[in-house]
Amino acid sequence: MLKAIQSFTEYQEAYQKSIDTPELFWDEVAATFHWKKKWTNTLLWNFSEPKIEWFGGGTLNITENCLDRHQTTRKDQTAILWEPNDPKDAVRRVSYGELFTMVQQFANVLLSLGVKKGDRVCIYMPMVPEAAVAMLACARVGAIHSVVFAGFSSQSLADRITDAECKVLLTADSMTRGEKKIDLKGIADAAMAASPTIESCVVYQHKGTDILMQEGRDYYWHHLMEKANASHTAVEMESEDPLFILYTSGSTGKPKGVLHTIAGYMVYAAYTFKNVFQYQDGDVFCCTADIGWVTGHSYIVYGPLLNGATTLMFEGIPSWPDAGRFWSVIEKHKVNIFYTAPTAIRSLEVFGTEPFVGKDLSSLKVLGSVGEPINEEAWHWYHENAGKGRCPIVDTWWQTETGGIMISPLANITPLKPAFATLPLPGVQLAIMDEKGTEIHGNGVEGNLCIKFPWPGMSRTIYGDHERFHQTYFSAYANHYFTGDGCKRDEDGYIRITGRVDDVINVSGHRIGTGEVEDAINEHGYVVESAVVGYPHDIKGQGIWAFVICDREHHSYEELCNEAKAHVTKVIGPFARPDRIQVVKALPKTRSGKIMRRILRKIAEGDTSNLGDTSTLIDPTVVDAIKAGADMIR
């Protein structure tokens, strides 16, 4: 099993070794896992195509490292601890032995449905242990799982199913998030009607809801499991075979299917989990993300299970049935490590400290933050109230594309600085670049965050569109991966993420492409064109501000806003709903027709003292009109 770094000096030594001899460094990490056949080439790469291969020639199955190898020592240990949405419902504890059996059975279910190595399987499920079973069973038979967050609309689900050409859809009858009921099977039915590739749909009965089942296509999870053999030999996979596709927003309307491969992702997810959180045997680890996002993949399922950890899966929301739910969960399950999003922290701040009264949080050792940069005020509130001033906060920066945490303190090892992601993890070679493509060296500098050397967990391509992968991440700076984020490096060499520099908005930790939202708004009958930007939001980090041009006078501005917001919710999901909609006569465009979003961004932020050069605009006077309109709705 992996050993964690023990001191800051050891971190510095490990980091230097990972830079000087990266192949040797990752060879030693990879050697702690079970391989069917050892690799012959640690790394082959170039960032110009780009092409990246880790542990070439090796064969393995990731589920043998998550499950099989734990059976002699951890069979009775809890692998997944499930906390339901309603605290009055029963908690579930799934041991490593039980999880192993369930995964083998469901692997045989997938085989019975004709799923083969390389086939794509879409998972659209609630936060239940069966969702993890589904992911692991796919990996065991060599299928590629594509998990879609169960808050996406039927259209968004259909788009993702169609893009990946998924053969099977795994879903549930329904789910409840807080008091909100969600008809998952109904949404799935609508998506399948628009997706020609689905052959079979397996439905997990979660809430016992009456649903429509189409004969010959739809099957109940429990019926198939009852008939399935409880023994399955894991399929031998190549290191660079795909493990999963996960869709993330791009600046254009079409989401990107980020593809991760098996061996590199496994090594990196396990290594970062162990070291960032300083996980110790017996700890209870709780990550509040959804498995529909990469955080759930890496730090609810794969990272913890690869380390033989107990991972807590939480179905609910932080504010229901009251604002003390997180703290109740921590007390109830004696959680040692708690990993959540700044949005959740800020949303709970408004309730003050009353929800903490009477809660025993003494089990906590480490707090974590993920999804977006955490502001200093929220950092201190979290540290003082949840951590009682004694728990380090690991403020983690990473992306869907990176597979795992890239910049973060190591708990109780790295000296902390509020709102700073601090230092890169071993193996992560950062470069801060200026607009001309030159690396900015030294401390006390600011620029665009890039990475100049491959790491095992990095994405290999965008599914079905390698050219888009190249253009999105490797075209801005030659031989560098461009993260899309800006950053500062202070006098101590610590990194602070300053936010997106491209047309992607980070709302409550969810990356939303401006193009996706604009496409949805533009479908409204009165809207001719729209432009969407992010602006500072007290709770969500960034809110969505939409500037829209209408082709005629709408009978009611309020109705237009409500209709446009409702349509975005229908097309994408409620998390993408615009916070503010401003009707404008025209948008600031250059003579080539490009919308100057930086001007709109500054207006939305309320920072209009210096809008920069507007001489390239077709009509510079539209800017004053937009500024005046923004002041009226702010």
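User: In this predicted model, where does Pro 321 lie?

Analyst: The model is a prediction. The peptide bond from Trp 320 to Pro 321 is cis, with omega near 5°. As for its place in the chain, Pro 321 lies in the loop between strand 17 (310–314) and helix 11.

User: What is the omega of the peptide bond from Glu 49 to Pro 50?

Analyst: Pro 50 is in the loop between strand 1 (41–46) and strand 2 (51–56). The peptide bond that leads into Pro 50 from Glu 49 is cis, and its omega is near -5°.

User: Which residue just after helix 11 takes a positive phi?

Analyst: Helix 11 spans residues 325–333, and its buried residues include Arg 325, Trp 327 and His 333. Just after this helix, a positive phi of about 50° is taken by Lys 334.

User: Is Lys 388 buried or partly exposed?

Analyst: Lys 388 lies in the loop between helix 13 (376–386) and strand 20 (393–395). Although not a glycine, Lys 388 has a positive phi of about 55°. Its relative accessibility is 43%, and buried requires under 20% while exposed requires over 50%. Lys 388 therefore counts as partly exposed.

User: What is the relative accessibility of Thr 422?

Analyst: Thr 422 is in the loop between strand 20 and strand 21 (430–433). Phi of Thr 422 is positive, near 70°, in a residue other than glycine. Thr 422 counts as buried, because its relative accessibility is 0%.

User: Which residue offers the backbone oxygen that the side chain of Ser 459 reaches?

Analyst: Ser 459 sits in the loop between strand 22 (445–451) and strand 23 (461–462). At 2% relative accessibility, Ser 459 counts as buried. Leaving aside neighbours within four places in sequence, Ser 459 is in contact with Val 258, Leu 259, His 260, Glu 401 and Phe 469. At 3.2 Å, the side chain of Ser 459 reaches the backbone oxygen of Thr 461.

User: Which side chain is joined to that of His 145 by a polar contact of 2.9 Å?

Analyst: His 145 is in strand 7 (residues 144–147) and is buried, with a relative accessible area of 0%. Beyond four places in sequence, the residues that His 145 touches include Val 121, Met 135, Phe 244, His 297 and Tyr 302. The polar contact of 2.9 Å joins the side chain of His 145 to that of Tyr 302.

User: How are the rings of Phe 25 and Trp 26 arranged?

Analyst: The structure holds 47 aromatic pairs. In the pair of Phe 25 and Trp 26, the ring centres are 4.9 Å apart and the planes are at 85°. Both residues are buried, and ring pairs link them into a cluster with Trp 35, Trp 39, Trp 54, Phe 55, Tyr 268 and Tyr 271. Planes over 60 degrees apart count as edge-to-face, so the arrangement of Phe 25 and Trp 26 is edge-to-face.

User: How many residues apart in sequence are the parts that the pair of Phe 273 and Phe 285 ties together?

Analyst: The rings of Phe 273 and Phe 285 have centres 4.8 Å apart and planes at 80°, so this pair is edge-to-face. Both Phe 273 and Phe 285 are buried. Phe 273 is in helix 9 (residues 262–276) and Phe 285 is in strand 16 (residues 284–287), so the parts tied together are apart in sequence by residues numbering twelve.

User: Are helix 1 and helix 2 parallel or oblique to each other?

Analyst: The axes of helix 1 (residues 8–20) and helix 2 (residues 22–30) come within 5 Å and cross at roughly 120°. Angles of 65 to 115 degrees count as roughly perpendicular and those over 145 as roughly antiparallel, so helix 1 and helix 2 are oblique.

User: What distance separates the C-alpha atoms of Arg 601 and Val 532?

Analyst: Arg 601 lies in helix 17 (residues 597–605) and is partly exposed, with a relative accessible area of 25%. Not counting residues up to four places away in sequence, Arg 601 touches Asp 502, Asp 503, Val 533 and Gly 534. Arg 601 and Val 532 are 69 residues apart along the chain, and their C-alpha atoms are separated by 8.7 Å.

User: Over which ring does the charged end of Arg 160 sit?

Analyst: The charged end of Lys 417 sits over the ring of Tyr 494, 5.1 Å from its centre. The charged end of Arg 160 is 4.2 Å from the centre of the ring it sits over, which belongs to Phe 152.

Conventions:
Residues numbered from 1 in each chain as written. Heavy atoms only, no water. Helix = DSSP H or I, 4+ residues; strand = E, 2+ residues; numbered from the N terminus. Buried < 20%, exposed > 50% of the residue type's maximum accessible area, 1.4 Å probe, protein only. Polar contact = N/O pair within 3.5 Å; in protein donor to acceptor, adjacent residues only side chain to side chain. Contact = heavy atoms within 4.5 Å. Phe/Tyr/Trp six-rings, centres within 6.5 Å; stacked < 30°, edge-to-face > 60°. Lys NZ or Arg CZ within 6 Å of the ring centre and 35° of its normal. Axes fitted to C-alpha atoms, helices over the stretch in contact; angles between N-to-C directions. Parallel < 35°, antiparallel > 145°, perpendicular 65-115°, else oblique.
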